[in-house]
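Here are my notes on the model, set out as numbered points to be read beside the coordinates. I begin with the sheet and then turn to a pair of helices, the chain as a whole and one residue.

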Amino acid sequence: MDVPDAPISSPECPGGPADRGLRGRRRECDVLDRLVASARTGRGQVLVVRGEAGAGKTALLEYLLERADGCRAVRAAGAESETELAFAGLYQLCAPFLDRLEGLPGPRRDALGVAFGLREGPGPDPFLAGLAVLSLLSEAAADRPLVCVVDDVQWLDEASARTLAFVARHLPAGPVAAVLAARPCDMERRLAGLAGLAVGGLAHGDARALLESALPGRLDERVCDAIVAEARGNPGVLLGLAGALSLEELAGGFGLPGAASLAGPVEESLRQRLAPLPPATRRLLLVAAAEPTLDPVLVWQAAGVLGVGAAAAAPAAEAGLIESGRQVRFRDPLTRFAVYRAASPQERRTVHRALAVTTDPGTDPVRWAWHRGQAAPGPDEDIAGDLERAAPAARASGGLAADAAFRERAAELTPAAGERARRALAAAQAKHQAGAAEGVWRMLAVARTGPLDEVGRARAELLGAQLTAGASHGRDGLPLLVKAARRLEPLHPGLARQAYRDAFSAALAGGGRQAAGTLVTTAEAARASRCGSRPPRAGDLLLDGLAALVTEGYAAAAPLLKHALDAFRAHEVPLDEGLGWLPLACRVCGDIWDDKGWSVLSARLIQLARDAGALRALPAALASGVAVHLLAGEPAQAALLAQQAAAVARATGQAGEPDGPLLLAAWGGRDREACQLIAAAATEPAAGGDGQRLSTAAWAAAVLHNGLSHYDEALAAAEQASACPGDLAPASWSLAELVEAAVRAGQPGRAAAAVERLSQVTRAAGTDWALGIEARCRALLSEGEAAEHEYVAAMERLGRTQVRVELARACLLYGEWLRRENRRADAREQLRTAHQMLAAMRVEGFAERARLELLATGETVRKRTAETTVELTPQEARIALLAVDGHTNPEISARLFLSPRTVEWHLRKVFTKLGISSRRELPMALPNLERAALSA
């Protein structure tokens, strides 16, 4: 399998290799770290990184380049399409330094000039060309260490490969590090004897963790182990499979290997390798391809049912398709897909029938039912019933995707139209939760064509409304959800309240400003639909609170919403109920300033969705977690969740959740990136130009500009965000940004009005988060002891919350106030605390504000204490040491592959830095020079 080296994902520990996208490569990264450190001290070396395609060599080179701070870096890569172009690879390496070509001795200059087509002349002398490259690299490293990386050495043209091998063997021990990455190839002979780093497959645990980190859904343990075994720990193969396998197949092998997409040439090549094999061998391979757990006992038993003996494995092993041994394990996972796709439907059914015969229904009823279902040639009620009954067990092991796969196949095999429609609707609902959007519409269409009872038709209508709401961020689905809820009221009150719940979610997500009338109608209907025959559940309480919010206002609704959230925190909820209600509960936590509840419920929702493979709910759950971790001052965790949310959205075809990246950029003070995301949020069709998403973008803009001290811009953004109180959390939070911006912009009247609006919300919420923010805002408008009292109260209240970033901002504002009161010592203490907290949280804009305020208090900045000689570059130090040893300029030139003029130029710089005028004075500085040569 020819897979390009791929970057490896999933963090392992902060600051280490995994923090840069590598897993299980600690040893390799340590080697590269030492190589860069040696180059900085003037003791560079050559390293050959060897490994199969997809082993992660390119990812390691990227890691090396990221670690080469303070070094000049240059990279080149061989290309299969350029193997016939002489010196094409070498040109990539030397191109950045060709401005130095004229400074080389004539023969070397001419040889390289001819090689690169810069001069006319006969073919270049390979030896002179090699010396010229050595000279260029040495001169390029004169000012700072040089790191050269050459990837895909196996694809270098012959002339470049020959020259590069010469350079690698004769590179002087100076501040130049060269790393060559290659697959097994003829170049090995030329590079023999050089230091090497073998990059093999990941250990089983690391490979499994990598695969799981790259997959959006639930991964069956047996399937995971089989995939890792087939890939032999190769990261590129693992990541390629993560993108090729369906959700159903990953959830337990309950998908068809033939559904994987193969490149035309790859599939044709595999088919050609399969064609000459004996029929019995092809049948054995098909059995192995149809059984994703690779259970050797089951595979051979099924093969025996088909009359295939042990001798059938030998031709496949000789052809390199499977490994030798008792277990039929493909050497390349793509072979599995090709084998299954090459078989006829009848051959596949025959193999699945054999697997069903040999699978024990008592010990593995799920897989037995699945193979029976795939073996069925047409509708069969007995098999369909077995599949439906096995669906809950499939969900337990493989999540919602497995459940949906069983229900879909059951519907396909159901002969009676009414029963088929019922099962198709159940499959559509499971696929909806699993995030398989295309499959949902297909199954829903099947359900709608069959005779459903009244409740079934109402359920189908509700599912269609949910799909429309999800596709339009709630805007287009709101009236459909209300209609479905009203239809369900006399039929199924519980489902009706779920529909009203989704209507509230849709309105808050995207239609709140333009759907006020619909919201009031919805609230009144939801309240009237309350079933009084049973004690209220947490969801009932939440719906009552939202209805009160719409009809009676924030102050009346806050106690009801708090009660509902307390009920959610106190009790675990079943899967279906949790996936439906917890997203809305998390949203409401922000609306009533409940940081602790938000943290608990967000974590619970993420775990619930992950465990169940509920990919429809997972992106929004992760986005909620981004906000929680960001406000808690945990940017690394927030960024990881944002990346995962984007990956899940891509895998399931959902629209991405833009709030996470937007908030990360805004709080991080990344002006250009944040402004681009803010502008995109305002014009994005999904946002529709209104709704909570627009308010969130404006709030983020206010945070960004307050951090950057752009107070006029912050004021404008905060006024926009707070203009619609119905957008709740972002509108309320923006009032705090408005107060700070208005005060700093010299408009206290606008700040005072904002404080009064804010206090109506914060006092109704009554949490430490809410009251701490209010106290901080009042402090900005107060003077003397009153201001100090409010600042202290703000810090005390915020100190009891998990919203650590707001506590740090309170310290910053208090420190700024103290400095203006000429209490510099007290100001330094607060500003120092604020700067340390904000910098650690990577809240760069506010951290810079704190730093500048510290400077204004007279806080001293620690200065460098190293001696002047340490400022010599490694190249300068080496030249000086050789001069002390009595070497002439031409001798130093030859040893370091530099021109005499370059040596003379460096010596003049050394004399200037050391305050000396001749070589005779150099020995007096020798001790310092030795330290310089060994320092950064």
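1. In what order do the strands of the open sheet lie, and is their pairing parallel or antiparallel? The model, which is a predicted one, shows an open sheet of 5 strands in the order β2-β3-β4-β1-β5, and the pairing is parallel. The edges are formed by β2 (72-77) and β5 (196-198), each of which pairs on one side only. From one strand to the next, the twist averages 15°.

2. Within this sheet, strand β3 (residues 146-151) pairs with strand β4 (residues 176-182) in the parallel sense, and the pairing runs over 5 bridges. For a reader who wishes to find the register on screen, Leu-146 stands opposite Val-176 in β4.

3. Which helix packs on the sheet, and which strands does this helix touch? Helix α1 (residues 26-40) does so, with contacts to β1 (46-50), β4 and β5, and the direction of α1 makes about 160° with that of β5. Because angles over 145 degrees count as roughly antiparallel, α1 may be described as roughly antiparallel to β5.

4. A helix pair later in the chain also deserves attention: the axes of helix α28 (residues 554-570) and helix α29 (residues 575-591) come within 10 Å and cross at roughly 130°. At that angle α28 is oblique to α29, because the value lies outside the ranges that count as roughly parallel, roughly perpendicular or roughly antiparallel. The crossing in which α28 passes α29 is left-handed.

5. Which residues of α28 and α29 meet? From α28 come Tyr-554, Leu-561, Leu-565 and Phe-568, while α29 contributes Trp-581, Leu-582, Ala-585, Val-588, Cys-589 and Asp-591. Sorted by class, the contact of α28 with α29 has 9 nonpolar residues, no polar ones and 1 charged residue.

6. For the chain as a whole, the model has 47 helices and 5 strands, and 55% of the 936 residues count as buried. Of the contacts between residues at least 6 apart in sequence, 68% join residues that are at least 24 apart.

7. Finally, is Glu-139, which is found in helix α5 (residues 126-140), buried or exposed? Glu-139 has a relative accessible area of 6% and is therefore buried, since the cut-off for that class is under 20%. The C-alpha atoms of Glu-139 and Gln-875 are separated by 9.0 Å, although these residues lie 736 residues apart along the chain.

How values were computed: Residues are numbered from 1 along each chain as its sequence is written. This is a predicted model: local features need pLDDT of at least 70, side-chain atom pairs count only at pLDDT 80 or more; totals for chains, interfaces and linings use all residues. Side-chain values use heavy atoms; hydrogens and water are left out. Two strands pair if DSSP finds at least two bridges between them. Helices (H or I, at least four residues) and strands (E, at least two) are DSSP runs, numbered from the N terminus. Axes are lines fitted to C-alpha atoms, for helices over the stretch in contact, and angles run from 0 to 180 degrees between N-to-C directions. Contact means heavy atoms within 4.5 Å. Angles under 35 degrees count as roughly parallel, over 145 as roughly antiparallel, 65 to 115 as roughly perpendicular and the rest as oblique. A crossing is left-handed if the near helix is turned anticlockwise from the far one by less than a right angle, and right-handed if clockwise. Ala, Val, Leu, Ile, Met, Phe, Trp, Tyr, Cys and Pro count as nonpolar, Asp, Glu, Lys and Arg as charged, and the others, Gly among them, as polar. Buried means under 20% relative accessible area, exposed over 50%, partly exposed in between (1.4 Å probe, protein chains only).
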